Amino acid sequence: LVSSIIYVELFGTCCLLFILEGDNMFSLLGTKLAQNASQYMLLAAAVMIPTVWLPNLSALSFLGMFGVTATTTVVASVSIPQNM
């Protein structure tokens, strides 16, 4: 019973991630890649779901490196004064 509840919670969390990703991408890009937010949700799912099928999950460490680089770039661009 507990295992079933945990799996349902994880599935719901994944669905919420795709909904948030689709809405944010539609807000940022508009209709450049897809016609509506639902298509962005499907596009996000199509890109993210195959990463869990990797036989060796250490390959995801390269994606983590890109995430760290992106976060560092955003923090640097916000915190460095534009007057320089």
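**Exercise 1. Classify the two cysteines by exposure and decide whether they form a disulfide.**

Solution. Cysteine 14 has a relative accessibility of 41%, so it counts as partly exposed. This value, like the others here, is computed on a predicted model. Cysteine 15, at 30% relative accessibility, is also assigned to the partly exposed class.

Next, the bond. A disulfide is a covalent bond between the sulfur atoms of two cysteines. The criterion is a pair of cysteine sulfur atoms within 2.5 Å. The sulfur of cysteine 15 has its closest cysteine sulfur in cysteine 14, at 6.9 Å, which is too far for a bond. The count is therefore zero disulfides.

**Exercise 2. Describe the fold of the chain and compare its radius of gyration with the globule rule.**

Solution. Start with the secondary structure: the chain holds three helices and zero strands. In sequence order the pattern reads α-α-α. For 84 residues the globule rule gives 12 Å, whereas the radius of gyration of the chain is 17 Å, well over that figure; the chain is therefore more spread out than a compact globule.

Two further values complete the description. Along the principal axes, the C-alpha atoms fill a box of roughly 60 × 35 × 25 Å. Of the 84 residues, 8% are buried. The exposed area of the chain is about 7,000 Å², and 74% of it comes from carbon and sulfur atoms.

**Exercise 3. Check the lengths of helices α1 and α2 against a rise of 1.5 Å a residue.**

Solution. Take α1 first. Its 28 residues should span 40 Å, and its end C-alpha atoms lie 40 Å apart, so expectation and model agree. After α1 comes glycine 30, with a positive phi near 65 degrees.

Now take α2, residues 37–48. Its twelve residues should span 16 Å, and the end C-alpha atoms are 16 Å apart, which again agrees.

**Exercise 4. Find which residues of α2 are buried, and where they sit around the helix axis.**

Solution. The cut-off for buried is under 20% relative accessible area. In α2, the buried residues are Ala37, Tyr40, Ala44 and Ala45. Viewed down the axis of α2, these residues fall within an arc of 140 degrees, so they line one face of the helix. Leu42 and Ala46, on the other side of α2, are exposed. The partner of the buried residues is α1 (2–29), against which they pack.

**Exercise 5. Characterise the surroundings of tyrosine 40.**

Solution. Tyrosine 40 belongs to helix α2. With a relative accessible area of 2%, tyrosine 40 falls under the 20% cut-off and is therefore buried. Leaving out residues up to four places away in sequence, tyrosine 40 touches Gly22, Met25, Phe26, Leu29, Gly30, Thr31, Lys32, Leu33 and Ala34. Phenylalanine 18 is 22 residues from tyrosine 40 along the chain, and their C-alpha atoms are separated by 8.5 Å.

**Exercise 6. Place serine 61 in the chain, classify its exposure and relate it to leucine 28.**

Solution. Serine 61 is found in helix α3, which covers residues 60–79. Its relative accessible area is 47%, so serine 61 is partly exposed. The separation between serine 61 and leucine 28 is 33 residues in sequence and 27 Å in space, taken C-alpha to C-alpha.

Note on methods. Residues are numbered from 1 along each chain as its sequence is written. This is a predicted model: local features need pLDDT of at least 70, side-chain atom pairs count only at pLDDT 80 or more; totals for chains, interfaces and linings use all residues. Side-chain values use heavy atoms; hydrogens and water are left out. Helices (H or I, at least four residues) and strands (E, at least two) are DSSP runs, numbered from the N terminus. The expected span of a helix is 1.5 Å times one less than its number of residues. Buried means under 20% relative accessible area, exposed over 50%, partly exposed in between (1.4 Å probe, protein chains only). The arc is that of the directions from the helix axis to the C-beta atoms. Contact means heavy atoms within 4.5 Å. The radius of gyration is taken over C-alpha atoms; the globule rule is 2.2 Å times the number of residues to the power 0.38. Accessible areas come from the Shrake-Rupley method with a 1.4 Å probe; for residues, only the protein chains shown count as cover.
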